Amino acid sequence: MNRDRKYRYLTAFCLLGTGLIFVFLLNICIGTVRIALPDIVQIMTGQESAEETVTRILWDIRFPRAAAVLILGGALALAGYLLQTFFRNPIAGPFVLGISSGAKMAVALVMIFLMKRMVRVTSADMIAAAFAGALLSMGFVLLLSRRVGSMSILVVSGVMIGYICSAVTDLVVTFADDADIVNLHNWSKGSFSGMTWENVKVMAAVVTVTVFLVFLLSKPLGAYQLGDAYAANAGVNLKWLRAGIVIFSSMLSACIVAFAGPVSFVGIAAPHLVKKLLGTVEPIFMIPACFLGGSVFCLFCDLLARTILAPTELSISTVTAIFGAPVVLWIMGRKHADKQD
Amino acid sequence: MGTDREVYYFATKKMCVGYGEKPLIKDVEIALEKGKIVSLIGPNGAGKSTVLKSIAGQLKLLGGAVYLGKTDMADMKGNTLAKKMSVVFTQKVRAELKTCRDVVATGRYPYTGWFGVLSKEDGRIVDEVMELAHITDIGGQDFQKISDGQKQRVMLARALCQEPEIIVLDEPTSYLDIRYKLEFLSILDEMRKKKGLTVIMSLHELELAKLISDKILCLKGEYIERYGTPEEIFEADFIRKLYGIEDGIFAEDERFQAYIRQVGSYGEGNYGSGDDVRRW
């Protein structure tokens, strides 16, 4: 690796790192109750000078929420990156391909089913349901992708699958009990509110393990990027690699949907911006950078979602779409321009 | 037939190839000593690429076997095979945000560790191969922005970087101008002389196939039409038949007739005898 590249990667990672710390702190400080940094330090170090309410807000609401956004945002960007690599399509992502919606449908069905029977729904149940739903949608997308060669048709099919799943979800929600609806409605539009430490623990465990496994795949992923023939010639077992990508990307997407509902565009926008920042597609750098980038992007968007119209909260997808959709348009415009060269 | 395998480095036995269930070409028998070059010729759509893909292990054989040395290729693990055989296909590598040197370096993949980090030794081999392929000066350029001819040389360097014993190439010279065609083939010639590289490739240019190959495999229809030395293949009306140039076609035009005669015969044209030609 030559010098220039080393510096570029180093700068990029420093930028992402400091950016992450910066938005994380903003997320903790800003809200209906503003908490100054010195107060946070005091509370963190256990000095009881601060008011009880402030301590509660910080520990029970803002910290777990920011932590959840950090974890899930990273997971979402990584899921997007994996799908883009898999389909060799820069605008593939869990939301666009209908995988989030499939997961959402499964979670809604399971929640209503369990709530009717007065069974408490645990985080693990939600993740399992979402994972099953994600794999189901992914299966459909894969079947379609075999039949149609064109990438744009694949994306359109994904969007259609998304619509079907959302329609089923809406239908189910309409027939649910009043009390459940409020819960389901917020969640099905996508929101990071109401995260507890218990949630954070579960998602941290699942996401950490998955990201670690994905990172172990960085060498075969790099070969896969060259094209099937050359990956096979390099000795990569394509079948296993493909299965790995499908499972891990579904798992990551499932995690986000289970806890925050479907969140749009982060999976496309964050990896793309990170790629531009790094100037490479090497998975060994892209995997950690995507995670950081997704975290920063989501923390920033969640901050806006909470504060723009406070005390009313916007759905997270509203904000991510505003910043993410233009990136998609930019990619498509550039792709078209490249072809004309 | 077991003795054959001791003599020949590369051999196919009753190999049947094709997509799906139905074999496209049956009973392909190739036998090749180490350091020899075999060219596949035949009309468009005859299945040259299919045969090459099957040999490279990328298309499941519908019957028969391919042997490298004494080993059935089907019994080789991905990484083992990768260190023995490399490929240059008509489809280029996808190389987003990669320099030419990066693309060449991907050939070192089977030799790197778990995370694919290149060692100093890997870097040295990459540089050496780039020198050999005359692409040192474009090493820093974006692979997607160079010409097709340059890309083809980068692809060759990538394949050689894999330090293969045998290399499979699908129409490697198609996009190259005459100078680079010759240069490309001279690199292969040099490698087989120096390192005993065995070469299997398809060629559209009959003149080139004639002058560089030790053996020529002619594909047409369901079975191998013919397999032999250039002297045996380029004789009388065989090329005419192989490519379906019937008597009626171009019959009136003496220029075309002369061209066909020249290409389709051995030792007649401007090239002199085969041995002279190999010294270029």
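Of the 280 residues of chain B, 41% count as buried. The model is predicted. A residue counts as buried if 20 or more other C-beta atoms lie within 10 Å of its own.

How does the overall size fit? The radius of gyration of chain B is 19 Å, which agrees with the value near 19 Å for a compact globule of 280 residues. The C-alpha trace spans about 60 × 45 × 35 Å along its principal axes.

Next come the building elements. Chain B has 12 helices and 11 strands. Take the contacts in chain B with a separation of 6 or more: 68% of them join residues 24 or more positions apart.

The domain assignment splits chain B into two parts.

| Part of chain B | Residues | Residues in contact with the other domain |
|---|---|---|
| Domain 1 | 2-233 | 13 residues |
| Domain 2 | 234-280 | 13 residues |

How far apart are the C-alpha centres of domain 1 and domain 2 of chain B? They lie 26 Å apart. The two domains touch: 13 residues of domain 1 are in contact with 13 residues of domain 2.

Now look at the side of domain 1 that touches domain 2. Which elements give two or more residues to this side? They are helix H8 (206-212) and helix H9 (230-233) of chain B. By residue type, this side of domain 1 divides into 6 nonpolar, 1 polar and 6 charged residues.

Methods. Residues numbered from 1 in each chain as written. Chains lettered and ligands numbered in written order. Predicted model: local features only at pLDDT ≥ 70, side-chain atom pairs only at ≥ 80, totals over all residues. Helix = DSSP H or I, 4+ residues; strand = E, 2+ residues; numbered from the N terminus. Rg over C-alpha atoms; globule rule 2.2 N^0.38 Å. Buried ≥ 20, exposed ≤ 12 C-beta atoms within 10 Å, placed from the backbone. Contact = placed C-beta atoms within 7 Å. Domains from an automatic or database assignment. Nonpolar A, V, L, I, M, F, W, Y, C, P; charged D, E, K, R; others polar.
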